[in-house]
Amino acid sequence: MFGLAQHCRESWESYDCRFSSLFFCVFSPFDISIRMPRHQIRSPKSTVDLSPVLRDVEELPDELSSQSMFGNDLPLEIEVGSGKGLFISAESLAHPEHNFLGVEIIGKYASHSAGRLMRGGVANAIMISGNAEPLFEKKIAAASLEAVHVYFPDPWWKKKHRKRRVVNETSIRNFSKALRVGGRFHFWTDVLDYFEQTIEMIAEIAPEFGVPIPEEEVEATHDLDYRTHFERRSIKHQIPVYRVRYEKRF
Ligand SMILES: C[S@@+](CC[C@H](N)C(=O)[O-])C[C@H]1O[C@@H](n2cnc3c(N)ncnc32)[C@H](O)[C@@H]1O
């Protein structure tokens, strides 16, 4: 478990390296200030009780559902790899008629996202600290989800590491099984190779998803008006983003 989280930290760093070297080349080889600043993530103060919005995977009920996590039957959406939690905090506030679970494998990011939910006074979203894969394998009932969201998953550039990608054959089958008919799978990335491979793979192994539906870029009206932090990074640095949604047909 620690090993996988550690790998993910390394993968984030490789994401940053790509950004840094790209901008180093594209703009000015001498202007180091143009490189992406790497802010330290802030953990919420230890005095803040995050228990209403944060669970460790070890503390979860046998089955993850709106009933078991929120005590109601609202449609449930899950984000895999929430990072700093911009999507889950904004989306849960915008859609009080749904519940949201964010799963984040790096503990300090899970706490940071939970802090964001707490500050927003959100009652319909909870962060789970841990690995999403076993949750989809064991804890989510078939046809129970309204949506699965995966935004800017770690790219794992090297061919030998691609099996670590969060969107792979097994996870696609699991997401599909977990979604109800009509449910959505949102997948955005700025890594063309990851995008193309995923589209091809879905066409091959999950025909029930139908055709990919392009999702449009929405122009931001303020500095946090992006779907996720990685979307903000990409747009600010003019990196193309590939966005699709699938809607399960049968
Ligand atoms: C590149 S970041 C993107 C974060 C966020 N989605 C965004 O767009 O800003 C990918 C995130 O996925 C998390 N992650 C990777 N593998 C995971 C897994 N198996 N379960 C849960 N989270 C995972 C990483 O720790 C990281 O926070």
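In the predicted model, strand β2 is covered on both faces: L76, I78 and V80 are buried on one side, and E77 and E79 are buried on the other. The strand spans residues 76-80, and 5 of its 5 residues are buried. After β2 the chain passes through helix α3, residues 86-94, and reaches β3 in a right-handed β-α-β crossover.

Strand β2 has two pairing partners among the strands considered here, β3 and β5. The pairing of β2 with β3 is parallel and extends over 5 bridges; within this pair, E79 is placed opposite G102 of β3. The pairing of β2 with β5, residues 145-151, is also parallel and comprises 4 bridges. Here V148 of β5 is the bridge partner of I78. I78 belongs to one covered side of β2 and E79 to the other.

The UniProt record, an unreviewed entry, carries a "binding site" annotation at E79, E104, N131 and D154. These positions are spread over 76 residues of sequence, yet they cluster in space, with a largest C-alpha distance of 14.1 Å. Of these positions, E79 is one of the buried residues of β2. E104 is located in strand β3 and is classed as buried because 29 other C-beta atoms lie within 10 Å. Leaving aside residues up to four places away in sequence, E104 is in contact with G81, S82, G83, Y109, A110, S113, M127 and S129. N131 is situated in the loop between β4 (125-129) and α5. With 18 C-beta neighbours inside 10 Å, N131 has fewer than the 20 required for a buried residue and more than the 12 allowed for an exposed one, so N131 counts as partly exposed.

A further "binding site" annotation in UniProt, likewise from an unreviewed entry, covers K158, D190, T228, H229, F230 and E231. K158 is part of the loop between β5 and α6 (169-178). K158 counts as exposed because it has 9 C-beta neighbours inside 10 Å, and the limit for this class is 12 or fewer. F230, by contrast, is a residue of helix α8 and is buried, since 24 other C-beta atoms are found within 10 Å. When residues up to four places away in sequence are not counted, F230 touches G83, Y151 and F152. G83 is also among the contacts of E104.

The ligand is surrounded by 23 residues, of which G81, G83, F152, T228 and F230 come nearest. T228 and F230 are both covered by the UniProt annotation that includes K158. F230 is in contact with G83 and F152, while G81 and G83 are among the residues touched by E104. At least two residues of the shell are supplied by each of α1 (2-26), β3 (99-104), α5 (132-138) and α8 (229-236). The largest share, 3 residues, comes from α1. By class, the shell consists of 14 nonpolar, 6 polar and 3 charged residues.

How values were computed
Residues are numbered from 1 along each chain as its sequence is written. This is a predicted model: local features need pLDDT of at least 70, side-chain atom pairs count only at pLDDT 80 or more; totals for chains, interfaces and linings use all residues. A residue is near a molecule or strand if its C-beta atom, placed from the backbone, lies within 6 Å of it. Ala, Val, Leu, Ile, Met, Phe, Trp, Tyr, Cys and Pro count as nonpolar, Asp, Glu, Lys and Arg as charged, and the others, Gly among them, as polar. Two strands pair if DSSP finds at least two bridges between them. A crossover is right-handed if, with the strands pointing away from the viewer, the path from the first strand over the helix to the second runs clockwise. UniProt positions are given in the numbering used here, feature names are shortened, and annotations may be inferred rather than shown by experiment. Two residues are in contact if their C-beta atoms, placed from the backbone, lie within 7 Å.
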